[in-house]
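Reader: Please take a close look at one helix in this model and say which of its residues are buried. Then go on from there to the rest of the chain, keeping to burial, contacts and backbone.

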Amino acid sequence: MVSEQKIADVSFESLLRIFTIPEGPDSTLTQIEDSLSKNLNQFLREHIVAEEKPLHEIEKDFSNAAIPEQPEFVSDHTEHLLESLVSHSVHTSSPSFIGHMTSALPYFLMPLSKIMIALNQNLVKIETSKAFTPLERQVLGMLHKLIYSQNDTFYSQWMHSANHSLGAFCSGGTIANITALWVARNNALRAEGEFKGVEKEGLFRAMKHYGYEGLAVLVSERGHYSLKKAADVLGIGQQGLVAVKTDHNNRICPADLKLKFAELKQRKIKPFAVIGVAGTTETGNVDPLKEIAAICAQQSCHFHVDAAWGGATLMSSKYRHLLDGVELADSVTIDAHKQLYIPMGAGMVLFKNPDAMKSIEHHAQYILRKGSKDLGSHTLEGSRSGMAMLVYAAMHIISRPGYELLINQSIEKARYFADLISQQVDFELVSQPELCLLTYRYVPENVQAALKQASATQLDELHELLNELTKIIQKKQRETGLSFVSRTQLNPIRWAQRDTIVFRVVLANPLTTKEVLSSVLDEQRNIAKSVPDLMTRLEKVASQVLNQ
């Protein structure tokens, strides 16, 4: 006898149950919650499939554009999510997922996230966040002190001041960088005489008043792509984002920075900000922050440091010196969802001067009233969740010495992996790790020998074949699902700045072991052997070079 399928009904009583009554102890959702609490990483290993399903196949499960007319039971829908969504998600916390910034998360964030969601505070105003507002201000103060090391009197005076702000919580580094440049632009084009300021009269009248032909932001060639978005949003255009040359270590060349200032001045273009990068996205290098700060001081220009990635290094007494000069910046971006091990959606921008954000202050009658402590008066985003609670909790549970251990192991693991790559006869280390990022590629031993004596034309051919091989290895490794590294394009000086496709790894996950790193190289080596046609072509060119 076929059992009759239960159908959920649409009634106000059933809707009230969803809002007030938890699922039963045997329900799918309750079992998942229990499993997540016992062993988060085990749950993910069991429910995310190793073999990657093609995206076009996954799209079939999400192809119906109609909103359902019939409700589903919670457990039934949970099973659907497990099969269609969870199983084909990316296992970002896997010890062998070393291609991006995501890492394993501390287990305590799961139940704390439930509290945060249940409270559903809106940090835009004090009326909907109350205790969360002073908590967020304290977290901003803690990060401000980590960077700028002001005394206790400073924080007593400014941290909870209704008319000041030490920074802003954002959804990530992109919004944090935009906020920093927004403040810098408005301060550079502030009210003067009859001119009421760029925020009131707009860019055209601002430049006309000040006699500028354009505006510019100076940044390293290795600057994050989010800066192009910032230039677009702030009205200076992507051409207003002026790239400064980098050296063989992917760091800004101070001499070229000075040259760019002189060139822009001749063209009557106002550089209103310089961005130093503390942990480039591609290679993890840190710009010479002290030298940049000195140039900015001479030019009376806002100095912003994009430390979205590297900022957490300040937690380490051992490696803090790698960011020397960050304390001279007017503003700094840090992402908590990188090496502070917080879930996605937690970035911050900190300002040295508590008055800096007054240039972007906004008020309204029904919200963000003058004199209130509403956080939304100094943020680009309006309604926001209480992610600061998770950062606050992590700061207390992990503590600074705990973060120091995490930072130290990540940097030292990257150095170990760099040494391991250098010991291989068939791999080439492309960029030495400064923080916990590095790049490399697979290059057969005889091809390495050929690269040293090849002509310019032969070098072009070898690099083209190696680029093709790197792409294939990276793609197949991702599709196999055992491990993952990302790839990017660099232009190393050692190869006459030829376009060079490389593997990129980020070793922030504390669960990643030395054995995992060895297995990643072994897998890449085996994948290379599985493409004999390309390998044969590469060997042929190498032989021609070596036998000429």
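Author: A residue is called buried here when its relative accessible area is under 20%, and exposed when that area is over 50%. The model is a predicted one.

The helix to start with is helix 5, residues 74-84, where Ser 75, Thr 78, Leu 82 and Ser 84 are buried. The cover over these buried residues includes helix 2 (28-38) and helix 3 (40-47). In general, an α-helix has 3.6 residues a turn, so residues three or four places apart point the same way.

The setting of this helix can be given by domain. The domain assignment splits the chain into domain 1 (1-89), domain 2 (121-384) and domain 3 (401-546). Taken over C-alpha atoms, the centres of domain 1 and domain 3 are separated by 40 Å.

Next along this account is helix 7, residues 132-148. Helix 7 has 17 residues and spans 24 Å from its first C-alpha to its last, close to the 24 Å expected at 1.5 Å a residue. Of the 17 residues of helix 7, 13 are buried, so this helix is largely enclosed by the rest of the structure. Ser 149 follows helix 7 and has a positive phi, near 50 degrees. As a general rule, most residues other than glycine have a negative phi.

Two lysines also have a positive phi. Lys 130 lies in the loop between helix 6 (109-119) and helix 7, and its phi is about 35 degrees although Lys 130 is not a glycine. With 67% relative accessibility, Lys 130 counts as exposed. Lys 268 sits in the loop between helix 12 (254-266) and strand 4 (269-277). Lys 268 is not a glycine, yet its phi is positive at about 60 degrees. Lys 268 counts as exposed, because its relative accessibility is 52% and the cut-off for that class is over 50%.

A third lysine, Lys 338, is buried, because its relative accessibility is 13% and the cut-off for burial is under 20%. Lys 338 lies in the loop between strand 6 (331-335) and strand 7 (347-351). Leaving aside neighbours within four places in sequence, Lys 338 is in contact with Met 101, Ala 308 and Trp 309. An unreviewed UniProt entry lists Lys 338 under "modified residue: N6-(pyridoxal phosphate)lysine". That annotation comes from the record and may be inferred rather than shown by experiment.

Now the nonpolar interior. In soluble globular proteins, nonpolar side chains tend to be buried together. In this model the largest nonpolar core has 109 residues, and Leu 340, Ile 342, Phe 417 and Tyr 440 are those with the most contacts inside it. Helix 14 (residues 388-423) gives the most to this core, with 16 residues. At least three residues of the core come from each of domain 2 (121-384) and domain 3 (401-546). A second, separate core has 33 residues, among them Leu 189, Met 207, Ala 231 and Ala 356.

The cysteines can be dealt with briefly. A disulfide needs two cysteine sulfur atoms within 2.5 Å, and by this rule the count is zero. For Cys 301, the closest cysteine sulfur is that of Cys 296, at 5.0 Å, which is too far for a bond. Cys 301 is buried at 7% relative accessibility. Cys 170 is buried too, with a relative accessible area of 5%.

Two residues in the later part of the account show a buried and an exposed position. Ile 527 belongs to helix 17 (residues 514-529) and counts as buried at 8% relative accessibility. Not counting residues up to four places away in sequence, Ile 527 touches Ile 473, Lys 476 and Gln 477. The C-alpha atoms of Ile 527 and Gln 474 are separated by 9.1 Å, with the two positions 53 residues apart along the chain.

Gln 497 is exposed, with a relative accessible area of 52%. Gln 497 is placed in the loop between strand 10 (486-490) and strand 11 (500-506). Outside the residues up to four places away in sequence, Gln 497 touches Asn 491 and Pro 492. Its C-alpha atom is 9.9 Å from that of His 248, and the two residues are 249 apart along the chain.

Technical notes
Residues are numbered from 1 along each chain as its sequence is written. This is a predicted model: local features need pLDDT of at least 70, side-chain atom pairs count only at pLDDT 80 or more; totals for chains, interfaces and linings use all residues. Side-chain values use heavy atoms; hydrogens and water are left out. Buried means under 20% relative accessible area, exposed over 50%, partly exposed in between (1.4 Å probe, protein chains only). Domain bounds come from an automatic or database domain assignment. Helices (H or I, at least four residues) and strands (E, at least two) are DSSP runs, numbered from the N terminus. Contact means heavy atoms within 4.5 Å. The expected span of a helix is 1.5 Å times one less than its number of residues. A nonpolar core is a set of buried Ala, Val, Leu, Ile, Met, Phe, Trp, Tyr and Cys residues joined through side-chain atoms within 4.5 Å.
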